[in-house]
Amino acid sequence: MRFLTLAAIGALTAAQAAHAEATLDLVGPISEYKLYISEQTDELLTDTEQFVAAIKAGDVEKAKELFAPTRIHYESIEPIAELFSDLDVSIDSRADDYEKAEADPAFPGFHRLEYGLWEKGSTEGLDPIADKLLADVKDLAGRIESLTFPPEVVVGGAAALMEEVAATKISGEEDRYSHTDLWDFKGNFDGSQKIVELVRPVMSPDDAEFLVTVDTNFATIDGILGKYRDGEGYVTYDHLTEADRVQLASAVNTLAEDLSTLRGKLGLD
């Protein structure tokens, strides 16, 4: 049996005290973040209702028009939505996760509807999938409303959102049928930036240079995305050249690396 020395116990107690203090400092930012998540979830629900209504009316073009503006809200709340893995799978999984890919009857959610709208050009057979999506989004909204937000997840979400873009989305695999990936990137970007904005007031003055670097990186990505604006949205991702994607990936990776240290700076590691 191992016994801790007095020094080890003291260090452990000090670490626990520091973590508790950091958590207390974040009470205000976490409350504000929960309000932000609630607002985004409300918009997700409202937009999903309209998206589903278009599908059930057989209006392919209207449903296509609503697809990306609806999903952007889900992308902005992803660190919290992913806490409910069953709903995240049902809402946002991809064909690769299923044995028969797009032909698998178990393939659900946004991307199954995306496949039908863009690849099949039809709403035929999509009503039950759309109904399930709406039910899942309603379920998600209810669960989020009663959730106590873990500070580690909230603060870590700033990096997680950008890491996911860099790791799995730059390739264009997310919205592979509609190529509306830039909307998703914007949702991830906004969600990440919101977290930094909310924790900024409780960060140490010693982190001023770090925040300048992060702000500069956010501005760089915002400028890159701005080049691809098209009206209220973005051009489809297939308009970007390989060089464009490399530039975007480089900026996202740089930001993700910086944000990966945010939890530690706030005493949450």
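**Exercise 1.** Find the ring over which the charged end of Arg229 sits, and describe the aromatic pair to which that ring belongs.

*Solution.* The charged end of Arg229 sits over the ring of Tyr234, 4.7 Å from its centre, where a charge counts as over a ring if NZ of Lys or CZ of Arg is within 6 Å of the ring centre and within 35 degrees of the ring normal. The model is predicted, so local features need pLDDT of at least 70 and side-chain atom pairs pLDDT 80 or more, while totals for chains, interfaces and linings use all residues. Residues are numbered from 1 along each chain as its sequence is written, and side-chain values use heavy atoms, without hydrogens and water.

Next, Tyr234 at 9% relative accessibility counts as buried (under 20% relative accessible area; exposed is over 50%, partly exposed in between; 1.4 Å probe, protein chains only). Trp183 is also buried, at 17%.

**Exercise 2.** Determine which face of helix α10 is buried, and what packs against it.

*Solution.* Helix α10, a DSSP run (H or I, at least four residues; strands are E, at least two) numbered from the N terminus, covers residues 208-226. Its buried residues include Phe210, Leu211 and Val214. Seen down the axis, the buried residues of α10 fall within an arc of 145° (taken from the directions from the helix axis to the C-beta atoms), so they line one face. On the other side, Glu209 and Val212 are exposed. Finally, the buried residues pack against elements including α8, α9 and β2 (contact means heavy atoms within 4.5 Å).*Last step for Exercise 1.* Trp183 and Tyr234 form an edge-to-face pair, 6.1 Å centre to centre with 80° between the planes (ring centres of Phe, Tyr and six-membered Trp rings within 6.5 Å; under 30 degrees stacked, over 60 edge-to-face, the rest tilted).

Terms used. The expected span of a helix is 1.5 Å times one less than its number of residues.
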